[in-house]
Structures are given as structure tokens and as C-alpha cells.
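Please examine the arrangement of helices and the cysteine residues in the model shown here. The explanation below takes up each topic in turn.

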Amino acid sequence: MAFTVFILQLAVRILSFPLYLMKFLGLWNQISKKWFPYYMMKFSATYNGQMAGKKQELFSKLQDFAGPSGKLSLLEVGSGTGTNFKFYPPGCRVTCVDPNPNFEKFLFKSIAENRHLQFERFLVAAGENMHQVADSSVDVVVCTTVLCSVANQEQVLREVCRVLRPGGAFFFIEHVADEHSTWNYFWQQVVEPAWYLVFDGCYLTRESWKALERASFSKLKLQHIQPPLSCKVLRPHVYGYAVK
């Protein structure tokens with residue numbers, strides 16, 4: 001099976017050669033960073049429709065972690081187009097972090113459509129280095145379909161722990177690798193070389209739950225689910241929250 005995967009991956013890489021060449025020449029990153037927000041606007045609408053129940057169930061717990069004032073201070077890592085805003089509780093103070101500045105205009109459109117939130121600022125930064133956010137300064141950190149594409153999951157989670165106040169929580173929804181014995185995992189491996197390039201560094205075969213289990217949280221509530229998404233290779237998910 002491993003040999004078959006190797007041969008099919010090779011075929012995918014050959015078919016994707018123009019993209020690899022553009023990446024080598026330094027052209028593809030500029031193009032992908034500009035077009036990706038437009039794609040995410042379309043994808044997020046579909047994804048939200050198919051994941052609405054799970055998001056509502058998970059994010060209904062956000063307010064439980066509000067500070068003494070009763071107002072929730074929330075940091076979203078990899079905020080993208082602001083697709084999660086409508087699930088956040090009224091009065092929530094939101095700070096957004098994303099490494100792609102081209103998301104900004106889409107993010108502000110979402111802010112205008114979600115007046116129940118108190119928007120604080122948008123920071124152009126990678127999750128691995130959020131030095132603009134002070135230690136122990138937020139009640140909750142949210143991260144959805146982001147750990148699949150970060151350069152260093154462990155460093156992102158260290159930063160999450162740093163900015164969370166004691167007793168604060170990290171909420172996550174992430175697509176992950178399927179069980180290794182499944183055909184779906186087979187196809188995740190096969191298409192990943194092209195998928196990674198087209199979808200801005202997204203890996204289909206990451207086992208993100210392992211990084212979450214290794215992180216220094218005092219409590220972790222994590223579930224493996226298979227939501228009925230249109231794209232089968234994206235169906236395996238983990239979701240839940242972890243307490244600092």
C-alpha cells in the first residue's frame with residue numbers, strides 16, 4: 001500500500017509541476033495569499049452550514065469562561081473571514097490574529113454584520129509568535145481549521161497557553177487525518193502534495209489531537225467526529241476545549 005501511495009503521490013506532483021515551479025520562483029505564495037481569502041468566503045459559508053450544529057454546541061460554553069466582569073475577552077487565532085463571529089455571545093470582546101493581511105477587508109465585513117460583538121483589533125501575525133498579545137490577558141482562545149496549516153503546532157499551543165489567563169480555555173475545531181486503515185486516509189495521502197500548495201499550506205494527514213494531548217493544559221475535552229461534509233477527505237475532525 002505504501003508503494004501505491006508513493007506512485008500516486010508522484011503522479012500528483014508531476015501534474016502539479018507548474019505550481020511547484022511557481023513556488024520555486026517565489027510567485028505562488030503571492031498569488032495564493034491573494035486568492036485564498038476569496039475562496040474561504042465561499043468555503044466558509046458551506047462549512048458553516050454543515051457544521052452549524054457542532055459550532056453552536058461547542059461555542060455555547062464560551063460564556064462559562066468569562067472573567068469577573070462577566071464580559072468575555074476572546075482571541076481568535078487564524079480568524080480568516082470572521083466566519084465564527086455569529087456564534088460568539090453578545091458583548092464578547094474580540095481580538096483577531098491572522099498571518100494573511102488580505103483577509104482584513106473580509107474580516108471587517110463580518111464585523112459590520114455582527115454588531116453584537118465588541119471588536120478590539122486585528123493583528124497580522126502568525127500563531128507561533130503573538131507577542132502583541134500580553135501574557136494571561138484573554139479568557140478564551142478560539143482556533144478552527146487552523147492547526148492543519150501552521151508551521152509549528154506545539155509553538156502555537158505554547159503561545160495559546162501564554163496568553164490565556166489561569167482558568168481560561170482554548171476552543172478548537174480541526175480537520176485531521178482519518179484512521180490509517182481507511183480508504184479515506186489513503187486518498188488523504190495521495191492528494192496532499194497538491195492540496196498543500198493549492199490550499200495555502202493545509203495538510204490533510206496531521207494528527208492534531210496528539211499535539212493537543214501533549215500541550216500543558218490542565219484539562220482536555222476532545223472528541224473525534226465525522227461530520228457529513230461534501231469533501232470526504234475533510235470529514236475527520238477533532239473538536240472540544242482545553243482549560244489552562
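**Helix packing and cysteines**

Helix α1 passes helix α6 in a right-handed crossing. The model in which this crossing appears is a predicted one. Two packed helices are described by the angle between their axes and the distance between the axes. Here α1 spans residues 2–15 and α6 spans residues 183–198; their axes come within 8 Å and cross at roughly 30 degrees. Angles under 35 degrees count as roughly parallel, and α1 and α6 are therefore roughly parallel to each other.

The contact between the two helices can be followed residue by residue. From α1, the participants are T4, V5, L8, Q9, V12 and R13, and they meet F186, Q189, V190, P193 and A194 of α6. By character, the residues of this contact between α1 and α6 comprise seven that are nonpolar, three that are polar and one that is charged.

The cysteines form the second topic. A search of the whole structure yields zero disulfides, a disulfide being a pair of cysteine sulfur atoms within 2.5 Å. C92 is accordingly in no disulfide: the nearest cysteine sulfur belongs to C96 and lies 9.6 Å away. C161 is likewise in no disulfide, and the nearest cysteine sulfur, that of C143, is 12 Å away.

Are C92 and C161 buried or exposed? Buried means under 20% relative accessible area. C92 has a relative accessible area of 0% and is therefore buried. C161, at 9% relative accessibility, also counts as buried.

Terms used
Residues are numbered from 1 along each chain as its sequence is written. This is a predicted model: local features need pLDDT of at least 70, side-chain atom pairs count only at pLDDT 80 or more; totals for chains, interfaces and linings use all residues. Side-chain values use heavy atoms; hydrogens and water are left out. Buried means under 20% relative accessible area, exposed over 50%, partly exposed in between (1.4 Å probe, protein chains only). Axes are lines fitted to C-alpha atoms, for helices over the stretch in contact, and angles run from 0 to 180 degrees between N-to-C directions. Helices (H or I, at least four residues) and strands (E, at least two) are DSSP runs, numbered from the N terminus. Angles under 35 degrees count as roughly parallel, over 145 as roughly antiparallel, 65 to 115 as roughly perpendicular and the rest as oblique. A crossing is left-handed if the near helix is turned anticlockwise from the far one by less than a right angle, and right-handed if clockwise. Contact means heavy atoms within 4.5 Å. Ala, Val, Leu, Ile, Met, Phe, Trp, Tyr, Cys and Pro count as nonpolar, Asp, Glu, Lys and Arg as charged, and the others, Gly among them, as polar.
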